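Biologist: I would like a close look at a single part of this protein. Please start with the whole chain, then zoom in.

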Amino acid sequence: MNLVAIVGRPNVGKSTLFNRLVGMRQAIVDETAGVTRDRHYGKCEWCGKEFSVVDTGGFTINSDDIFEEEIRKQVMIAIEESDLVLFMTEVDTGITDFDYEIAKILRRCKKPVVLACNKVDSGDKMYGTYEFNALGLGEPCCISSATGSGTGDLLDKIVSLLPENSVAEDDNPDLPHFAIVGKPNVGKSSLTNALLGEERNIVTPIAGTTRDSISSHYNKFGHEFILVDTAGVRKKAKVTEDLEFYSVMRSVRAIENADVCILMIDATCGLEAQDMSIFNLIARNRKGCVIVVNKWDLVQDKTANTLKEYTEAIKARIAPFNDIPIIFTSVLNKQRILDVLNAATGVYENYSRRIPTSQLNEIILPEIENYPPPAWKGKYVKIKYVTQLPTKFPSFAFFCNLPQYIRDPYKRFLENKLRSNFDFSGCTVDVYLRKK
């Protein structure tokens, strides 16, 4: 999936535009310059094309602020890793020295650059945007990230310049891609080495040994797939080294390019907040998921019910996605390693399952007749037809006379009926209502 990095000097409205593109107030917005210090990731869809957006901190030079030095490094990495750079400027202040410095860097980078001139709230201000042609990055797009005007034209330009999504670097687009993800030091590289039967990756007790995403072709025991070992995804507050930020970006990309994510957690720590944020990233990207509880041999005072109680605690945390396979392993002792493979392969089969339309209607329509959508404002909704959409993940369209009157609880009912009749364990299921 393509990655777009929003760069610019402090306080030009990068976070406001980011929130508008991803459709939620994810980044903090304030008039004070330099509020954004972390990176925010989000997804944007326009004209049927989906891409990831990363919001960076404001780019500054010759500053005494230690944060601004780190932000500058991470902006450089974001430029290097992205497929397109969106450079934001502001019409009220005109071109500043910072803008010239950033433009100089962007002219040297071999990535497509879109120049956006923000805070063009009225027609009069449009005349002030012509001076930005002097930056040598083409004609600026006039936008107002606060009101949303001009963002459609901006997105049209971004989508037209984005490269076509290339297949994964391994040249095996037909094979399933399994990504091993999790916090640092939970045993991801050890699991890769145990599965491959060789010391493919360096393993040390120091968190953060793996810096890059490493792909390996696995073909044993009747299983064939691409296995990707990723760097540990830390809390943003703990990502200090610029090299580690690079690793986190690579891990996010590995999740986006995978079919099934094997989320590893430490049995001695339990399912922590950082594990949940990685799980939410997997669910947001609509990937298959297997949870592997590693270091099970280190858990003290085990009783007959410990495993059951641990499983129930995890299911309560990840609800409503409580049909995800949970495997308890000790990678060091090579316990239940093959179970992880079998579970991941099973989830991939569910993830890529295609159900014939005739079979879907034969099974689901009687269920809907038994429990039709509740009337809303005196209107009766009739669902007449259901079909599976041609997406990589399981998604279904229900055609009815009044889709706007079907509420979320009934959508969940439809999803539960699909899950109870067809095996989609480990996968997200999307339900869409369409007008017939």
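What share of the contacts in the chain with a separation of 6 or more is between residues 24 or more positions apart? And which residues of strand E10 are buried, on one side and on the other?

Modeller: First, a caution: this is a predicted model. Now the chain. Residues 24 or more positions apart account for 69% of the contacts with a separation of 6 or more. The chain has 436 residues, and 51% of them are buried. Its secondary structure comes to eleven helices and 15 strands. The accessible surface is about 20,900 Å², and carbon and sulfur atoms hold 50% of that.

Now zoom in on strand E10, residues 260–266. Seven of its seven residues are buried, so the strand is largely enclosed by the rest of the structure. Think about its two faces. In a regular strand the side chains alternate between the two faces of the sheet. In E10, both faces are covered. On one side, Val260, Ile262, Met264 and Asp266 are buried. On the other, Cys261, Leu263 and Ile265 are buried too.

Next, the strands that pair with E10. Strand E7, residues 177–182, pairs with E10 in the parallel sense, over five bridges. Strand E11, residues 288–294, also pairs with E10 in the parallel sense, over seven bridges. Follow leucine 263 to see both pairings. Leucine 263 is the bridge partner of valine 181. In E11, the bridge partner of leucine 263 is isoleucine 291.

How does the chain get from E10 to E11? Helix H7, residues 273–284, joins the picture here. E10, H7 and E11 make a right-handed β-α-β unit.

Finish with one residue of E10, methionine 264. Buried means under 20% relative accessible area. Methionine 264 has 0% relative accessibility, so it counts as buried. Now look at what surrounds methionine 264. Leaving aside neighbours within four places in sequence, its contacts include Ile180, Val181 and Gly182. Lys183, Val186, Gly187, Lys188 and Leu191 are also among them. So are Asp275, Val292, Asn294 and Val331. Take Val292 from that list. Methionine 264 and valine 292 are 28 residues apart in sequence. In space, they are 4.7 Å apart, C-alpha to C-alpha.

Key. Residues numbered from 1 in each chain as written. Predicted model: local features only at pLDDT ≥ 70, side-chain atom pairs only at ≥ 80, totals over all residues. Heavy atoms only, no water. Buried < 20%, exposed > 50% of the residue type's maximum accessible area, 1.4 Å probe, protein only. Helix = DSSP H or I, 4+ residues; strand = E, 2+ residues; numbered from the N terminus. Pairing = 2+ DSSP bridges. Right-handed = clockwise from strand over helix to strand, strands pointing away. Contact = heavy atoms within 4.5 Å. Areas by Shrake-Rupley, 256 points an atom, 1.4 Å probe, with all protein chains shown as cover.
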